Amino acid sequence: MNIICKIRGHKWRDGYCSRCGSEHQGHEWAPQPGICVEKCVICNMSKEVEHSFSPRGNCEYVCTNCGKQIVRHKLVPKGNCIAVCVNCGVEKADHKWNAVKKSNGTVKAGCKCTVCGADNPEGEHIPTVRMHVSGTAFLVCSVCGLTLRELSRDEVARYTASHPQHPAE
Ligand SMILES: [Zn+2]
Ligand SMILES: [Zn+2]
Ligand SMILES: [Zn+2]
Ligand SMILES: [Zn+2]
Ligand SMILES: [Zn+2]
Ligand SMILES: [Zn+2]
């Protein structure tokens with residue numbers, strides 16, 4: 001311990017003594033008006049505390065202390081892939097997309113949900129580039145994961161040039 005700290009006591013700041021680096025033990029937390037944060041009255045360290053949410057309208061909650069707003073739905077399943085909120089009626093869908101095969105084995109444009117049979121609302125496959133460590137790249141559907149085709153060397157080069165930070169998978 002620093003000799004000055006021994007005589008005059010520690011100089012607490014944000015949880016530590018700014019002179020000797022000791023950690024402040026036994027914080028005395030005091031609530032702060034208008035924010036959901038408490039501060040130690042001795043060392044001034046702050047910590048977040050739980051918001052006190054109270055309902056305001058359908059599925060909306062507001063913190064009576066700091067004013068933070070959140071939305072919390074009460075979802076119940078409706079059909080296979082749809083859940084509906086009993087309070088406000090909003091619908092959330094969670095489909096298991098898969099590529100649709102034609103009877104002759106070729107793949108049709110578009111993805112279908114394997115659970116409920118719904119069509120991808122976007123209609124067609126949504127292509128995204130997937131890089132491989134080997135340097136090859138494929139165009140895959142970001143919805144159902146179907147490999148649409150392999151990219152040529154030129155296309156790979158163009159893609160890596162425009163996405164330099166994209167890590168190889
Ligand atoms: Zn000290
Ligand atoms: Zn403290
Ligand atoms: Zn709050
Ligand atoms: Zn709701
Ligand atoms: Zn579905
Ligand atoms: Zn697809």
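How do strand E15 and strand E16 pair, and over how many bridges? Let's start there. E15 and E16, the latter covering residues 147-150, run antiparallel to one another and are joined over three bridges. Before I go on, a reminder that this is a predicted model.

If you want a landmark on that pairing, look for Leu139, which sits opposite Arg149 in E16. The two strands make a hairpin, with five residues between them. In that turn you'll find Gly145, which has a positive phi of about 85°.

Now step back one strand. E15, residues 137-141, also pairs with E14, residues 127-131. That pairing is antiparallel too, and it goes over five bridges. The landmark here is Thr128, standing opposite Val140 in E15. E14 and E15 form a hairpin as well, again with five residues between the strands. The glycine to look for in this turn is Gly135, with a positive phi of about 100°.

While we're on E14, let me stay with one of its residues, Val129. Is Val129 buried or exposed? Neither, quite: Val129 counts as partly exposed, because it has 16 C-beta neighbours inside 10 Å, and you'd need 20 or more to call a residue buried. Leaving out residues up to four places away in sequence, Val129 touches Ala137, Leu139, Leu151 and Tyr159. So Leu139 turns up twice in this story: as a contact of Val129, and as the residue opposite Arg149. You can also take a distance from Val129 over to Thr147: they are 18 residues apart in sequence, and their C-alpha atoms are 9.8 Å apart in space.

Okay, on to the core. Which residues make up the largest nonpolar core? There are five of them: Trp97, Cys111, Cys141, Val143 and Cys144. Put Trp97 in the middle of your screen and look around it. Again skipping residues up to four places away in sequence, Trp97 touches Cys111, Cys113, Asn120, Val143 and Cys144.

Next, the overall layout. The chain is divided into domain 1 at 3-48, domain 2 at 53-93 and domain 3 at 127-169. The centres of domain 1 and domain 2, taken over C-alpha atoms, are separated by 39 Å.

Let me show you two sheets. One is an open sheet of three strands, in the order E6-E7-E8, with antiparallel pairing. Strand E6, at 53-55, and strand E8, at 69-71, are the edge strands; each has a single partner strand, so one side of each has no neighbour in the sheet. From one strand to the next, the twist averages 30°. E7, residues 60-63, is joined to E8 by three bridges, and there Val62 has Gln69 as its bridge partner.

The other one is also an open, antiparallel sheet of three strands, this time in the order E9-E10-E11. Which strands stand at the edges? Strand E9, at 75-78, and strand E11, at 91-93: each has a single partner strand, so one side of each is left without a neighbour in the sheet. Neighbouring strands here are turned by 30° against each other on average, direction ignored. E10, residues 82-85, connects to E11 through three bridges, running antiparallel. To find that pairing on screen, go to Ile82, whose bridge partner in E11 is Ala93.

That's my tour, thanks.

Technical notes. Residues are numbered from 1 along each chain as its sequence is written. Chains are lettered from A and ligands numbered from 1 in the order in which they are written. This is a predicted model: local features need pLDDT of at least 70, side-chain atom pairs count only at pLDDT 80 or more; totals for chains, interfaces and linings use all residues. A nonpolar core is a set of buried Ala, Val, Leu, Ile, Met, Phe, Trp, Tyr and Cys residues joined through C-beta atoms within 7 Å. A residue is buried if 20 or more other C-beta atoms lie within 10 Å of its own, exposed if 12 or fewer, and partly exposed in between; C-beta atoms are placed from the backbone. Two residues are in contact if their C-beta atoms, placed from the backbone, lie within 7 Å. Two strands pair if DSSP finds at least two bridges between them. Helices (H or I, at least four residues) and strands (E, at least two) are DSSP runs, numbered from the N terminus. Domain bounds come from an automatic or database domain assignment. Axes are lines fitted to C-alpha atoms, for helices over the stretch in contact, and angles run from 0 to 180 degrees between N-to-C directions.
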